[in-house]
Structure formats: structure tokens, C-alpha cells
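Visitor: I am new to this structure. Please take me through one part of it closely, and then show me how the rest fits around that part.

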Amino acid sequence: MGDTETVLKRHLDAFANRNLDAMVDTYAPDAVMVNEHQTFRGHAEIREEFNRLFDVFSGTDLSENARIATKTVDEYAYITWTAVTEQKVYEFVTATFVISEGVIQFQTMTAAVRERTTAA
């Protein structure tokens, strides 16, 4: 189906292009995504969260230009990135993925976020 780098690239491209269907397709039907606030299980919950995130990051560059680092080792992938929205500055965002059978099985994500000031 696809090795770790290929799946991660599909995932990041879907995020950058705000393609909800393509984004959800990078996850296993029973995938788990965890952040510091919630746990999302399965396509329906993951779809709902990315729909919300696409709204949060509307008008924000989510392309490769926003990435600090991307690393893959075997079935594991790790990314860090930054972003600025109208209301917030995402100073440091990190996500770790477990990818097998051509899809993301498990993901963690956390972010250091502050309110945006006019000087941001």
C-alpha cells in the first residue's frame, strides 16, 4: 500500500491542501489520534477534528514551508512545524505517527500556542 514516507507525504499534502477526504483516507478505519485535550477514534471522529482544524488554519500556509523537521524510521514518523493564524501563533507543533499497512494507525500531537498580537 505504501511505505512510511509515502503515507506521511500523502497526509501532509492533504493537510496543506485542506483535502478532508484525502486526509481521512491516510488513517486506518480504527485509527487513534491523541492530543493533550482529547482522543479521536476512527474515521468519523478524525474527520470531525480535521474539519475543525481546517477552519482554524483557514488562510494559513500549511505547506512544506511551515515545517521545521520531518523524520521517518521504520513504521514511525515525526514532524514539527509552526503556523500563524489570525488569532494564534503556533510556535511549535509536533506529531508522531505509527504507520503500517499503508495507513496511519496511531498519532499523537501537541502544540505550544499563544495569542497573536499585532506584532506577530
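Guide: Start with one cut-off. A residue is called buried when its relative accessible area is under 20%, and exposed when that area is over 50%. Values in between are called partly exposed. Keep in mind that this is a predicted model.

Now take Gln 107. Its relative accessible area is 2%, so Gln 107 counts as buried. Gln 107 sits in strand β6, which covers residues 103–115. Its side chain has a polar partner: a polar contact of 2.3 Å links the side chain of Gln 107 to that of Tyr 27. Look at what else surrounds Gln 107. Neighbours within four places in sequence are set aside here. Gln 107 then contacts His 11 and Tyr 27. It also contacts Val 32, Met 33 and Val 34. Ala 95, Thr 96 and Phe 97 complete the list.

Move next to strand β1, residues 27–35. Asn 35 belongs to this strand. Its relative accessibility is 16%, so Asn 35 is buried too. The side chain of Asn 35 reaches backbone atoms. One of its polar atoms lies 2.6 Å from the backbone nitrogen of His 37. A polar atom of the Asn 35 side chain also lies 2.7 Å from the backbone nitrogen of Gln 38. Leave out residues up to four places away in sequence, and Asn 35 touches Phe 40, Glu 49 and Met 109.

Now for residues with more of a view outward. Glu 64 lies in the loop between α3 (42–56) and β3 (67–73). Its relative accessibility is 60%, so Glu 64 counts as exposed. Compare its place with that of Val 113. The two are 49 residues apart along the chain, and their C-alpha atoms are separated by 20 Å.

Two loop residues deserve a look at their backbone angles. Most residues other than glycine have a negative phi. Arg 18 has a positive phi, near 55°, and is not a glycine. Arg 18 is in the loop between α1 (4–16) and α2 (20–25). With 28% relative accessibility, Arg 18 is partly exposed. Asp 74 also has a positive phi near 55°, again in a residue other than glycine. Asp 74 is placed in the loop between β3 and β4 (76–84). At 62% relative accessibility, Asp 74 is exposed.

Step back to the whole protein. It has 3 helices and 6 strands. Along the sequence, they run in the pattern α-α-β-β-α-β-β-β-β. The radius of gyration is 14 Å, which agrees with the value near 14 Å for a compact globule of 120 residues. Along the principal axes, the C-alpha atoms fill a box of roughly 45 × 25 × 25 Å.

How much of the protein is buried? Buried residues make up 39% of the 120 residues. Contacts also span the sequence. Among contacts with a separation of 6 or more, 49% join residues 24 or more positions apart. The accessible surface is about 6,900 Å², and carbon and sulfur atoms hold 49% of that surface. Last, the charges. There are 11 positive and 19 negative charges, and their mean positions are 5 Å apart.

Note on methods
Residues numbered from 1 in each chain as written. Predicted model: local features only at pLDDT ≥ 70, side-chain atom pairs only at ≥ 80, totals over all residues. Heavy atoms only, no water. Helix = DSSP H or I, 4+ residues; strand = E, 2+ residues; numbered from the N terminus. Rg over C-alpha atoms; globule rule 2.2 N^0.38 Å. Buried < 20%, exposed > 50% of the residue type's maximum accessible area, 1.4 Å probe, protein only. Contact = heavy atoms within 4.5 Å. Areas by Shrake-Rupley, 256 points an atom, 1.4 Å probe, with all protein chains shown as cover. Lys, Arg positive; Asp, Glu negative; His and termini not counted. Charge placed at Lys NZ, Arg CZ, Asp CG, Glu CD. Polar contact = N/O pair within 3.5 Å; in protein donor to acceptor, adjacent residues only side chain to side chain.
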